[in-house]
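Work through the exercises below with the model open in a viewer. Each task is followed by a solution in steps.

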Amino acid sequence: AHYALTSLAFIAVYMLVVVTSLPGAIFLTLTGGFLFGIFPGFLYSLVGATVGAVALFIAARMGFGREMAARMQASGGTIGTLQAALRDNEWSVLLTIRLIPAIPFFLANLIPAFVGVMLSTFAITTALGILPADLIYTALGASLGGIFARGEVPSLDTLFRPEFIWPLVGLGLLAMLPIAVL
């Protein structure tokens, strides 16, 4: 009955979850597909996640970014290596961080802020990098929503229907991306 308000509330909740670094964004993406379908559900999730990540990035940079960047530079180690890689190849490293989630999402939002990545580069690579997984999880949520809309009960047979199998294949391929890159 209140589609526009529900859509805006969904995006706002998604942004809040990302900004506060609460776990559960994947469930929100599934819920977006369940409630709104693949489109615009994936768009709502993408906007919520990207805007939330950008807000956290800005807050981190404004709050204690310079001090943290100096500490990171002095500490060396894995963070220092990542910092050097980001300085040399911002676009490719940021896209890789998003496509291959080896680093938790909240750290992938904070570290670039501390290193001094440009806001526009961060925002664009975040949106592009999370898009594949966002689309896959939204499709899974939409498939589940379709089952309930038809009055069916989900079962293991459900996983072998085309509307479920293709997103699961996509998820498997996305999971194999680190192997292909290495």
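The exercises go from the whole chain to single helices and residues.

The model is predicted, so local features need pLDDT of at least 70 and side-chain atom pairs count only at pLDDT 80 or more, while totals for chains, interfaces and linings use all residues. Residues are numbered from 1 along each chain as its sequence is written, and side-chain values use heavy atoms, with hydrogens and water left out.

**Exercise 1. The chain as a whole**

Task: state how many helices and strands the chain has, and what share of its residues is buried.

Solution. Step 1: take helices (H or I, at least four residues) and strands (E, at least two) as DSSP runs, numbered from the N terminus. The chain then has nine helices and zero strands, in the order α-α-α-α-α-α-α-α-α.

Step 2: apply the burial classes, where buried is under 20% relative accessible area, exposed over 50% and partly exposed in between (1.4 Å probe, protein chains only). Of the 182 residues, 38% are buried.

Step 3: compute accessible areas by the Shrake-Rupley method with a 1.4 Å probe; for residues, only the protein chains shown count as cover. The accessible surface of the chain is about 10100 Å², and carbon and sulfur atoms hold 75% of that area.

Step 4: count contacts, meaning heavy atoms within 4.5 Å. Among contacts between residues at least 6 apart in sequence, 74% join residues at least 24 apart.

**Exercise 2. The two sides of H1**

Task: find where the buried residues of H1 lie around its axis.

Solution. Step 1: helix H1 covers residues 3-19, which is 17 residues. The expected span is 1.5 Å times one less than the number of residues. From first C-alpha to last, H1 reaches 24 Å, close to the expected 24 Å.

Step 2: list the buried residues of H1, which are Ser7, Phe10, Ile11, Tyr14, Val17 and Val18. Seen down the axis, these residues fall within an arc of 125° (taken from the directions from the helix axis to the C-beta atoms), so they line one face of H1. On the other side, Ala4, Leu5, Leu8 and Leu16 are exposed.

Step 3: check one buried residue. Ser7 has 5% relative accessibility and so counts as buried. Leaving out residues up to four places away in sequence, Ser7 touches Phe36 and Tyr44.

Step 4: compare with Val19, also placed in H1. Val19 is partly exposed because its relative accessibility is 32%. With the neighbours up to four places away left out, Val19 touches Gly52, Ala55 and Leu56. Val19 and Gly48 are 29 residues apart in sequence, with their C-alpha atoms 9.9 Å apart.

Step 5: look just past the helix. Ser21 lies in the loop between H1 and helix H2 (25-36). The phi of Ser21 is near 60°, a positive value in a residue other than glycine. At 30% relative accessibility, Ser21 is partly exposed.

**Exercise 3. A nonpolar patch and a cis peptide bond**

Task: identify the residues of the nonpolar surface patch and the helix that gives the most to it.

Solution. Step 1: patches use residues with over 30% relative accessible area and no salt bridge, joining like charges within 9 Å and nonpolar side chains (Val, Leu, Ile, Met, Phe, Trp, Tyr) within 5 Å.

Step 2: the nonpolar patch consists of Ile38, Phe39, Leu43, Val47, Val51 and Leu135, with about 490 Å² of accessible area together. Helix H3 (residues 38-75) contributes five residues, the most.

Step 3: Phe39 is exposed, at a relative accessible area of 60%. A cis peptide bond with omega of about 20° joins Phe39 to Pro40, and Pro40 lies in H3.

**Exercise 4. Helix H6 and a salt bridge**

Task: decide whether H6 is mostly covered or uncovered, then locate the salt bridge.

Solution. Step 1: H6 (residues 105-115) is mostly covered, with eight of its 11 residues buried. Among them are Asn109, Pro112 and Phe114. Gly116 follows H6 and has a positive phi, near 95°.

Step 2: side chains of opposite charge can pair when their charged atoms come close. A salt bridge is a side-chain nitrogen of Lys or Arg within 4 Å of a carboxyl oxygen of Asp or Glu. The structure holds one salt bridge, between Glu152 and Arg150 at 3.1 Å, N to O.

Step 3: Glu152 is partly exposed at 28% relative accessibility, and Arg150 is partly exposed at 47%.
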